[in-house]
Structure formats: structure tokens, C-alpha cells
Amino acid sequence: MADPTPMQILAALWREAGLDGAALERMALTGGEPQLPSSFRVGAAAQAAIAAATLAAAETWRRRGGPTRGAGVDMRHAALEFRSDHYLELDGKPLGERWDSIAGTYACGDGRWVRLHTNFPHHRAGVLRLLRCEGERGAIRAALQDWTGFDFEGAAAEAGMCVTAMRSFAEWDAHPQGAATATLPVLRIERIGEAPPIALPTDGDRPLAGLRVLELTRVIAGPVGGRTLAAHGAAVLHITAPHLPAFDHLVLDVNRGKRAAQLDLRREADRATLRELARGTDIFVQGYRPGAVASHGFSPAELAALRPGIVCVSLSAYGEVGPWAQRRGFDSLVQTASGFNHAEAAAAGIHDAPKVLPCQALDHASGFLIAFGALAARLRQAEEGGSWHVRVSLAGTGRWLRELGRLEHGLAAPDPKMADVQDLLESSASGFGALRAIRHSGVIEGAAPRYALPSVPLDTHAASWE
């Protein structure tokens, strides 16, 4: 059986969300594979996920009384947007990726590889406490010789740290977590409460004008979802906490188009502020460890009671079922645990080390699926009523990518550098300096995507709607 085309992938996502297939006729997909060096269909995944969000924005515009317009996504542009964090310039200087000095992969005493995610200071400190060694790669390699890969993975998880052991696809499929999530769709949209239909806003000349989005996320996937909605005109208020670490180089990229405020949900006054904000929002996106935001009184059920008709979006690392449902995770860790690093290495003829995908594909795909799912649920709310819950997981997105098929010669594709993407960059002011970054690849006729607000430090704005 032939692998699905990008249009077939898009159509499957559209059907999964319960939307009218007639809109698919208005989407144009251009370009071909491969666009990035990978044996996986990263370009097709990027194009389909971004097209789903773009077409949902165009459909929202049409249903709120706007024009019926076509939309399009070019595969090269989409694939490069999947690694937007690679292509950043601040005040004329490239930023590139930034990783902690001890983050990465190591072989344990049994020969199995593990990946350490130590980009947050408390995660770095916790791993070093567990290993009882200095923060230097040689010392860590030596310390890990006393561990098996699976034992260290388990001990790190017990300590609340971020480590995974490398598995093959077969090993992941046999693992209780892989088996628990194997049958879940990539996007879960369910009605969770009763509410009358709420009409889509009609003011404004952009596809998502008038929609309010509260975004409680950090790092990549969740913020990409909010950035996508902002690109088409939604009012996005990004809420973080002053005591939690963040990466300014990622904020530069993923917070374009948003207002940024901080609340400490350990304080009742700040919880009251968030409740008031939620009463006026259409979409509430949260991407923290499962249960973290809910523990402060903001579970989907509580939000639906507070604001009947709301669309809640939850992002997790490993899905809402299975023994790892509450486990912390990042794209690189899920890639390692669920078989991608093993499979990519095998395709490259590497037998003694992992090989990563050419971008944080699980993060970026999940981000665009968040935007798509949120809009699909909001469209259904306007017709059917109810309050809605959308669920996306990095592991679920990984299985979706895996099921799209492989590219026999995909690893031979060029690896685009900054000089190769100049035609796709846009310049803007930011709260950090003059920024050059990849512009959004999802285009709607008559409403080119744009970020009306610059990316700014996370404590720039008041926690209020304007």
C-alpha cells in the first residue's frame, strides 16, 4: 500500500476533527519530498499539520461571515518552519540552537544509550545529584557505567528528572506506555459539558479576529500553537510564572504575535485573576505536566463550569493513559524513548549511537495540531454547543509521524543553513532587539499571516484582556 500523499494526510486530520470535507477543495499544497535530511516524512507532516491549522482559520473566517478564500502551504516553507528555532538572528547575529553543556546522549554500563535533558537548571542539578558526579561530560560518562539504561531512566523519573533510554520501535510497541497509547488518534476532541452555541465573533478583518486565547505553556509545542493562532489574528495572552525558568532564545521565536504576562498560581490573588481571564476567553491552552494546572483549580471540567462553551486544549508528553501518563517529557526524550533515534540511526547505517531527527518535529507538529484542534472544536461549538476538550501528546504525534511512512533516500537531502533560507525570513522589532525569523507558511488569500505584536520578555504586559 502506497504511503499517503500530503493531501490525504490533511484529509485524514480533517475527518478526525469532525469537520466538513468540502473545505479541503480550497487548500493548495505545493512542493515535494524530501525537504530535510531524514528517513521520516518530516516535510509531509509539516505541510499537512500547518495546512490543517491554516484551513481551519480560513473556515473560521468564512463561517463568521468573511469571504470564502483559498489557502495554501508550500512544503519547503513548512519544513523549515518546523525548525524555526534554527533560523533566528538577533541584531544581525545568528542564535542557532542552545543546549546545556551536559545535555545529550550517553552509553550506560549495559551498552544502552540514554538521553539527558538538562536545559533547566533544576533538571541539571537533579541528574548530577543522582549520578553523584561533577557537571562535565567525561564524569557523567564514567558515572553511567555503573547503571543500566533502563535502571537509570527509572531512577531519574522517580526523582522527577528528565531522562529516557533509547528503544527500538519494537521495544516501544511492547512497552506498557507504547501499548497504552497505540490506538489513540493523533488528535482527541471531545465534548465535556453542556452549553448553548456561542456565535463566532464578527468584528475585525482577519480570519481569527475577536477570538481570545489564554496560553499557559512553555518551550516549543504549546507556544507554537498559540503563535499560529496569533498569526491569523487571534488575541493570544501567554501566561507564565515568575519562578519558572524559560529560554529567551525560544521566546524570541514562539511568542511573536502575543501579549506576555506572569501569574503565580500558588497565590490566591493570581488564581482569581486567571479565573477572571478564563471567563472571557474562547480557548484555554495548557502544556505543563499533566495535573499541574488542574491542581490550582483549572482542570477542563472546572474551566467548563467557569466559562460554559470554552475550548480547553491539553498537551502532554506521553498521553493521558498508561504508566507514563504523568511523566515529564520533551521532544528529544520522546524521540529517544519511542524509537525514532534508533530507527534514524539504522537508516543512516549507524550502529553504535542514536541519531536525532533534523528538527524537533514532534514539538512543532504538536503545536500546529494544537492550533488546528482548538479551531476545529471552536467551529463545532458554534454549531453544536457544548464545552470541549482537545488533547495532543508528543508520543501520539510521534506515532502519527511514524505511520506516514519512510523515505528510502531521505537522509541524502541537503541540510539547509541560514544562508539558504533568506527568502523565507522576515524582520521585526522585538523586546530583545532587531529580530529576523521564519515567517509563517500557512497562507490564506486576502489575509496574509502576520504577527501584529512583537515577541517580548515574559513579564512585559499586565494579565488582562485589552
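Let me begin with the largest pocket of this structure, whose lining, sorted by class, has 18 nonpolar, 11 polar and eight charged residues. I should say at once that what we are looking at is a predicted model. The pocket has a volume of about 770 Å³, and of the 37 residues that line it, those nearest its centre are Arg218, Gly287, Tyr288, Arg289 and Ala292. If you want to find the lining in terms of secondary structure, the elements that give two or more residues to it are helix 4, helix 9, which spans 221–231, strand 10 and strand 13.

Two of those elements deserve a closer look, and I will take helix 4 before strand 13. In helix 4, the residues His123, Gly126, Val127, Leu128 and Leu131 are buried. As a reminder, an α-helix has 3.6 residues a turn, so residues three or four places apart point the same way. What, then, covers the buried residues of helix 4? The cover includes strand 6, helix 5 at 137–143, helix 6 at 149–158 and strand 7 at 163–165. After helix 4 comes arginine 132, which has a positive phi, near 55 degrees.

From strand 13 I have picked out serine 316, which lies in that strand and counts as buried, with a relative accessibility of 12%. Leaving aside residues up to four places away in sequence, serine 316 touches Pro290, Val392, Ser393 and Leu394.

Now to the enclosed spaces. Rolling a probe the size of a water molecule over the atoms shows where empty space is left. Searching the whole structure in this way gives four cavities of 30 Å³ or more, and the largest cavity holds about 80 Å³ of space. Its lining consists of Arg218, Val219, Pro223, His238, Thr240, Ala246, Phe247, Leu250, Val251, Val254, Asn255 and Leu458. Two elements, strand 10 at 235–240 and helix 10 at 248–254, give two or more residues to this lining, and helix 10 gives the most, with three residues. By class, the lining of the largest cavity has eight nonpolar, three polar and one charged residues. Arg218 appears in this lining, and Arg218 is also among the residues nearest the centre of the largest pocket.

The second largest cavity has about 40 Å³ of space, and it is lined by Phe169, Trp172, Ser338, Phe340, Ala395, Gly398, Arg399 and Arg402. Which element supplies the largest share of that lining? The answer is helix 16, with four residues; helix 7 at 169–174 and helix 16 at 394–403 each supply at least two. Here the classes come to four nonpolar, two polar and two charged residues.

Some of these names return when we turn to the rings. Phe169 and Phe340, both in the lining of the second largest cavity, belong to a cluster in which ring pairs link Phe40, Phe169 and Phe340. Two arginines are placed over rings of this cluster: the charged end of arginine 402 sits over the ring of phenylalanine 169, 4.2 Å from its centre, while arginine 406 lies over the face of phenylalanine 40, at 4.0 Å from the ring centre.

Across the whole structure, the search finds 10 aromatic pairs. Why is the pair of phenylalanine 120 and phenylalanine 330 called edge-to-face? Their ring centres are 6.0 Å apart and their planes stand at 65 degrees, so the pair falls in the edge-to-face class, for which the angle must be over 60. This pair links distant parts of the chain, 210 residues apart: phenylalanine 120 is in the loop between strand 6 and helix 4, and phenylalanine 330 is in the loop between strand 13 and helix 13. Phenylalanine 120 is buried, with a relative accessible area of 2%, and phenylalanine 330 is buried too, with a relative accessible area of 14%.

My last pair is tryptophan 147 with phenylalanine 152, whose ring centres lie 5.2 Å apart with the planes at 70 degrees, so this pair is also edge-to-face. Its two members do not share a burial class: tryptophan 147 is partly exposed, with a relative accessible area of 23%, whereas phenylalanine 152 counts as buried, at 0% relative accessibility.

How values were computed:
Residues numbered from 1 in each chain as written. Predicted model: local features only at pLDDT ≥ 70, side-chain atom pairs only at ≥ 80, totals over all residues. Heavy atoms only, no water. Phe/Tyr/Trp six-rings, centres within 6.5 Å; stacked < 30°, edge-to-face > 60°. Buried < 20%, exposed > 50% of the residue type's maximum accessible area, 1.4 Å probe, protein only. Lys NZ or Arg CZ within 6 Å of the ring centre and 35° of its normal. Contact = heavy atoms within 4.5 Å. 1 Å grid on protein atoms, 1.4 Å probe; cavity = no way out; pocket = protein on both sides within 12 Å on 5 of 7 lines; lining within 4 Å. Points joined across faces, edges and corners; volume = space filled by probe spheres on them. Nonpolar A, V, L, I, M, F, W, Y, C, P; charged D, E, K, R; others polar.
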